[in-house]
Amino acid sequence: MENRTFEFRCFTRRSFIVLLILVISFALFVTGCLIFLFTSDAVMPLIPKQYFMVIFFGGIIVLSLLSGVLFAISIVSLFRKKMTFNVNSYSINIDDHKKLNQMFQFSALQKVIMIKLEKPIWVNQTLILEFDNERIKMLTVKGIIPLLSKKDIGQFYEFIQYLHEQVLKPDFTLFSVDKTLSSKIDELIAPLVLHVEVVPEYRYLYIRK
């Protein structure tokens with residue numbers, strides 16, 4: 001097994017859900033402000049009646065979505081964490097540049113869980129490494145809103161490929177593949193969005209042979 005270093009920024013599932021809650025709350029706040037503005041006595045008389053509904057709904061939707069995107073981009077750095085993995089034949093050093101900076105033996109790796117969720121506006125993938133005394137979680141998001149850079153996403157998938165080829169294939173077996181009809185993210189968004197499409201979440205569990 002060749003020595004490699006992988007470095008990327010990512011989320012945890014919890015931090016990503018908190019980010020979504022804040023962005024949706026901010027977008028709803030902007031929507032409320034825009035509705036109040038458009039229906040106020042100062043603005044409403046200035047809009048031609050025949051175009052009022054188009055401008056009213058179109059303006060609110062566009063401005064609310066744009067504000068949500070800009071807000072997400074401006075605060076996303078608060079929810080990302082930087083991960084560095086130094087890998088050799090027998091061990092992996094994991095540094096999250098905050099609390100964890102520890103060497104783990106591959107022999108102590110008991111389970112690997114991969115979770116993939118593909119939605120129309122993003123694809124996220126979660127990787128969980130379960131060692132004897134530590135559980136390492138990381139999530140990457142690829143979508144129309146650039147929450148992570150292409151380099152971060154590329155390094156994450158390179159690490160998964162390396163892990164699969166060098167660790168999972170020789171020493172682990174795919175124990176189960178589960179398809180969940182709803183995720184916590186869907187449960188969060190569904191009440192707020194009409195006609196939301198429920199996308200299955202695929203969970204792959206690898207255990208030691």
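## Helices, cores and ring pairs in a predicted model

Helix α1 comprises 26 residues, and its first and last C-alpha atoms lie 37 Å apart, close to the 38 Å expected at 1.5 Å a residue. The structure described here is a predicted model. Along α1, the buried residues are S15, F16, L19, L20, V23, A27, V30, L34 and F38.

Helix α3 spans residues 150–171; its 22 residues should cover 32 Å at 1.5 Å a residue, and the 31 Å between its end C-alpha atoms agrees with this. Nevertheless, α3 contains a kink of about 40°, centred on H164. Its buried residues are D152, I153, Q155, F156, F159, I160, Y162, L163, V167 and L168.

| Helix | Number of residues | End-to-end C-alpha distance | Expected span |
|---|---|---|---|
| α1 | 26 residues | 37 Å | 38 Å |
| α3 | 22 residues | 31 Å | 32 Å |

**Nonpolar cores**

In soluble globular proteins, nonpolar side chains tend to be buried together. The largest nonpolar core in this model holds 29 residues, of which F85, L127 and L129 touch the most other members. At least two residues of this core come from each of β1 (4–10), β2 (81–87), β3 (91–95), β5 (109–118), β6, β7 (135–143) and α3. The greatest contribution is that of α3, with 7 residues. A second, separate core has 15 residues, including F16, I75, F79 and L147.

Leaving aside residues up to four places away in sequence, L129 touches L109, K111, V112, E134, R135, I136, M138, F159 and L163.

**A buried glutamate**

E130 belongs to strand β6, which covers residues 122–131. Is E130 buried or exposed? Its relative accessibility is 17%, below the 20% cut-off, so E130 counts as buried. The side chains of E130 and R135 are joined by a polar contact of 2.7 Å. With residues up to four places away in sequence again excluded, E130 touches A108, L109, Q110, K111, I113 and R135.

**Aromatic pairs**

A pair of aromatic rings is described by the distance of the centres and the angle of the planes. The model has 11 aromatic pairs. In one of them, the ring centres of F26 and F71 are 4.3 Å apart and the planes meet at 15°, so the pair is stacked. This pair links distant parts of the chain, with F26 in helix α1 (residues 13–38) and F71 in helix α2 (residues 49–75), 45 residues apart. F26 is partly exposed at 28% relative accessibility, and F71 is partly exposed at 21%. Elsewhere, ring pairs connect F6, F8, F85, F156, Y157, F159 and Y162 into a cluster.

Terms used: Residues are numbered from 1 along each chain as its sequence is written. This is a predicted model: local features need pLDDT of at least 70, side-chain atom pairs count only at pLDDT 80 or more; totals for chains, interfaces and linings use all residues. Side-chain values use heavy atoms; hydrogens and water are left out. Rings of Phe, Tyr and Trp (its six-membered ring) pair if their centres lie within 6.5 Å; planes under 30 degrees apart count as stacked, over 60 as edge-to-face and the rest as tilted. Helices (H or I, at least four residues) and strands (E, at least two) are DSSP runs, numbered from the N terminus. Buried means under 20% relative accessible area, exposed over 50%, partly exposed in between (1.4 Å probe, protein chains only). A polar contact is a pair of N or O atoms within 3.5 Å; within protein, one must be able to donate a hydrogen and the other to accept it, and residues adjacent in sequence count only if both atoms are side-chain atoms. Contact means heavy atoms within 4.5 Å. The expected span of a helix is 1.5 Å times one less than its number of residues. The bend at a residue is the angle between axes fitted to the seven residues ending there and the seven starting there. A nonpolar core is a set of buried Ala, Val, Leu, Ile, Met, Phe, Trp, Tyr and Cys residues joined through side-chain atoms within 4.5 Å.
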